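Trainee: Got a minute to walk me through this one? I'd like to get my bearings before I plan anything.

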Amino acid sequence: MIDTFKRVLDSDLWYSFKRHPLVIGAAILALICLLGAFLAPLIAPHNPFDLKTLNLLDAFTPPAWTEAGKAAFFLGTDDQGRDVLSTIMYGSRVSLLVGICAVALSMVVGITLGLISGYVGGAVDAFIMRIADIQLSFPAILIALLIDGVARVVMGKDGHDDVAVYVLIFAIAASGWVQYARTVRGSTLVERNKEYVQAARVIGRKPLIIMFSHVLPNVMGPVFVLATLHVGTAIITEATLSFLGVGVPPTQPSLGTLIRIGNDFLFSGEWWITVFPGVMLVILVLSINIIGDWLRDALNPKLR
Amino acid sequence: MLAFIVRRLLQSILVMLAVGAIAFSLFNFVGDPVSLMLPPEATQADREEVRKSLGLDQPFYVQFATFIGNAVQGNFGISLRLGRPVSQLLAERLPATLELAMTAAVFGLFVGIPMGVYTALKRDKWTSKLLLTGSLVGVSLPNFLIGIFLILIFAVWLGWLPSFGRGEVTDLGFWTTGFLTTEGLRAIILPAITLGFYPITLIMRLVRAEMLEVLRTDYIKFARARGLTNNAVHFGHALKNTLVPVITITGLQLGGIIAFAIITETVFQWPGMGLLFIQAVQFADIPVMAAYLCLIGFIFVAVNLIVDLLYFVVDPRLRVEQSGSGGH
Amino acid sequence: MTTPLLEVNNLRVQFPTRRGLLTAVDDISFTIAPGEVLGVVGESGAGKSLTGAAIIGLLEPPGRIASGEILLNGRRIDNLPFEEFRKIRGREIGAIFQDPLTSLNPLYTIGRQITETILTHLPVTPEEAKKRAIDLLNEVGIPAAEKRIDHYPHQFSGGMRQRVVISLALAAQPKLIIADEPTTALDVSIQAQIITLLKKLCREHGTSVLLVTHDMCVIAETADRVAVMYAGRIAEIGPVADVIHKPKHPYTVGLMGAIPTLGDEVERLTQIDGSMPRLNAIPTGCAFNPRCTRKQEVGARCTTERPGLLPAGATQASCWLYAQADNKQTVMA
């Protein structure tokens, strides 16, 4: 156990990490955001969704450091008197939840299809890859919009709200599986032709299982990079859909929803209602992208 | 080469049929097609007639064929929300979206390519590193947020540019343009920057990555070994080899730009197809959704085809020559 | 003695890495006379290609020339500013690399690539440049040169491409060509043709060649003198026939013994135990000493002091076996 730890510390990856203060900063920031989001019920200064604690008189309070601000509401309040800082923390929770779950689902589907496609080959491979190609020529947002729109129609307004989050996760996952499938398929094709697979077949063992244990380690690096960057994209996609009004239901606002709500007050001067959720979104995605970008370069064998 | 064109055309038709199938299922299975084609005050007799004329008593593949036939002629029925023929609505709004998309694409190319070349050639200057970090921020900013920030700064706080609408447009009959009036030009700036932000970032990073790859190749090394000037090496050789894949990838981006216009149009209330589509999704206006889907599908397929053909023009290795190689 | 065309004195090429400073070329010296072909032979990683790259000024960072000097016709070139060196490249020193396919820009015709090189260095008109390009192609044996000058690299076969590369290297009439493994990527039957071509052209134009390769047979065919490199140092240097038939350095002896030859009555090929040390683990003293079978004849000196090039019969070898008690001994710093 200690040996593995020592090996990690001595590895090129850790060395590269230590030399990039920007990445270290991003990692710390991301960690803070993650903790703040998941511990929101425990550490948020207010509960913005408990209607009993809301007071309309508190509405439209500007941030604490301005003249009319109050210390209790550090980043101000919105039109219903909800504390912006708390809504941001709860909102990040939803955003992160949808983003990470969507990516996880996408990864599982993509890796599985990639393995099957590469291993089985033939018509199955051609079919899966054709769908992938067609899907690739459409931007993810459109696909997510379509799935969401169809679900909305099929389930009706109220039925949809209950499962909106799941539909959203599915929609975002469906729009992003292709990149994993392609990477894994490539790796699988390479492994399939190797002699140990044929040898396994000869002695009667299932080459499939052995192949997975050889393919997956090779492919985990690039898949991990893809996944990290994908989380950023997924969060943006969810925020966009919520901003457009076709994402999460209003009962579970994400950062995108918050921005949309605040947008209405932009012209009347209450800029903080939309700006702070926006800044939070950017910080979240930016730190993830910085880490993903660094990871891609650090794991790229050509740049060693 | 002819075989290639034919094959790609067939592929494109297949993709279009697939898109059409999805649109068809939208039409028929998600909602009642009869009411989709009729205004709400229609009588029972009218419905029966439409049912017959729609061929809903016909077998499945006949229905599909009719749908495709209608689609090809541009007939997608009546919008549930606005009560007007969908094709008319789309035709009205197409110019707005296309002008916006084109402007954004032009920004992408004319800003992204030079910045990409600069950051590749002058890797160690701090300006380069600044641009690179900026590009990372650009990729992390969602489209709508850029729009909101731009509106906040330039429309609300500085009051320099309008924050919604197209401004004054000139009607050219089949096309309405905003380029011929100052109001129109002022109105398109913020939306075009918003829409073009992501392409600029993407193209810049792409050009940089590609150029760095090219600068590592043997033929660049050989060119230097022959004593060619830096200009000749960088702009004569490296740039050309870099731009070949970049131009084609950018072409593929065009479809994406048109799709992302949905968001920009929403933020700026730009009267284009994207805004129409979003309103359709919110309202469950199936005919508009189906029509938009087919149109977008067509644009994508057409752009892909053109880009593939462009490769032939640009890369001599793909052109088939007669008896090229001599002996040893 | 005529002024050597190229003089390399105490050249040292180093790479700063996170695990320390690596010395890939460690204090080597040699000369090349006008019109002479000097072969540089050795295993992969011995530093041969880096020597060539250093001479033409194309060392890839972070590699750099740490010390030493390189003189072309008596003039120091290793410390020249970029623009000065650029003018020398192609015009006085040319280069040929291993893979002819990747050496040519696939998007330009070979005619354009040749005329561009000519126009960069020689004050001629474009028409004149094109005429010279056609002449060059004829010289290297490309049939139907006037037509093929407008063809793209992918339209040539491997051997033809290498001929084009050679014509490109000779386009501005340099006096020295650095040929880095010019035949390694070619079929054996083509190799012979290219070698013959190279020899012929260099004889006709009076061009010197620094021929870097791991293939001893190519050296035997082409070179006048040969330098055997080991772990970044020169083990032995001398006329080709002498190095091959009467090697003096134990490494060279092992190398020659490991090459199978037709007609020789040999029971077993020689094998040198062990392998060339990695750059971060070069032994003190003579780099070859852990693998040397004649160490006991010299004693402790092999492991403590690094030998310089000592006269050994017709060649020079960096081995303490040839230290003369009454001569000044060259000890490397």
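**Strand partners and chain contacts**

Mentor: Let's start in the sheet of chain C: C:Gln14 has C:Thr23 in E2(C) as its bridge partner. This is a predicted model, where local features need pLDDT of at least 70, side-chain atom pairs count only at pLDDT 80 or more, and totals for chains, interfaces and linings use all residues. Residues are numbered from 1 along each chain as its sequence is written, chains are lettered from A and ligands numbered from 1 in the order in which they are written, and side-chain values use heavy atoms, with hydrogens and water left out.

Trainee: Which residue is the bridge partner of C:Gln14 in E4(C)?

Mentor: That's C:Arg64. Strands here are DSSP runs (E, at least two residues), helices are H or I runs of at least four, and both are numbered from the N terminus.

Trainee: How many bridges join E1 to E2 in chain C?

Mentor: Ten, between strand E1 (residues 6-17) of chain C and E2(C), and they run antiparallel. One facing pair is C:Leu11 and C:Ile28. Two residues sit between E1(C) and E2(C), which form a hairpin. E1(C) also pairs with strand E4 (residues 64-72) of chain C, over seven bridges and again antiparallel. Pairing needs at least two DSSP bridges between the strands.

Trainee: What's the strand order, and which strands stand at the edges?

Mentor: The order is E2-E1-E4-E5 in chain C, an open sheet of four strands with antiparallel pairing. Strand E2 (20-32) and strand E5 (75-76) of chain C are at the edges with a single partner strand each, so one side of each has no neighbour in the sheet.

Trainee: Any backbone oddities in chain C?

Mentor: C:Asn10, in strand E1 of chain C, has a positive phi near 50 degrees, and it isn't a glycine. There's also a cis peptide bond between C:Pro61 and C:Pro62, with omega about 10 degrees. C:Pro62 is in the loop between helix H1 (48-56) and E4 of chain C.

Trainee: Switching topic: what does chain C share with chain B?

Mentor: The contact (heavy atoms within 4.5 Å) takes 38 residues from chain C and 28 from chain B. Chain C and chain B bury about 2900 Å², 59% of it on carbon and sulfur atoms; that is accessible area (1.4 Å probe) lost on being put together, summed over both.

Trainee: How many salt bridges between chain C and chain B?

Mentor: Zero, counting a Lys or Arg side-chain nitrogen within 4 Å of an Asp or Glu carboxyl oxygen.

Trainee: And chain A with chain B?

Mentor: There, 39 residues of chain A are in contact with 43 of chain B. Chain A and chain B bury about 3400 Å² between them, 83% of it on carbon and sulfur atoms. The count is one salt bridge, and the side chains in it are B:Arg205 and A:Asp293, at 3.3 Å from N to O.

Trainee: Which elements of chain A give two or more residues to the side that touches chain B?

Mentor: Helix H6 (122-136), helix H7 (140-174), helix H10 (207-243), helix H11 (255-263) and helix H12 (272-298) of chain A.

Trainee: What's the mean pLDDT of chain A?

Mentor: It's 81, with 91% of the residues of chain A at 70 or more; pLDDT is the predictor's confidence in each residue, from 0 to 100. Among the elements of chain A, helix H1 (residues 2-10) has the lowest mean, 65, and helix H5 (residues 84-120) the highest, 89. Where pLDDT is low, the predicted coordinates should not be read in detail.

Key:
Buried area is the accessible area (1.4 Å probe) that two parts lose on being put together, summed over both.
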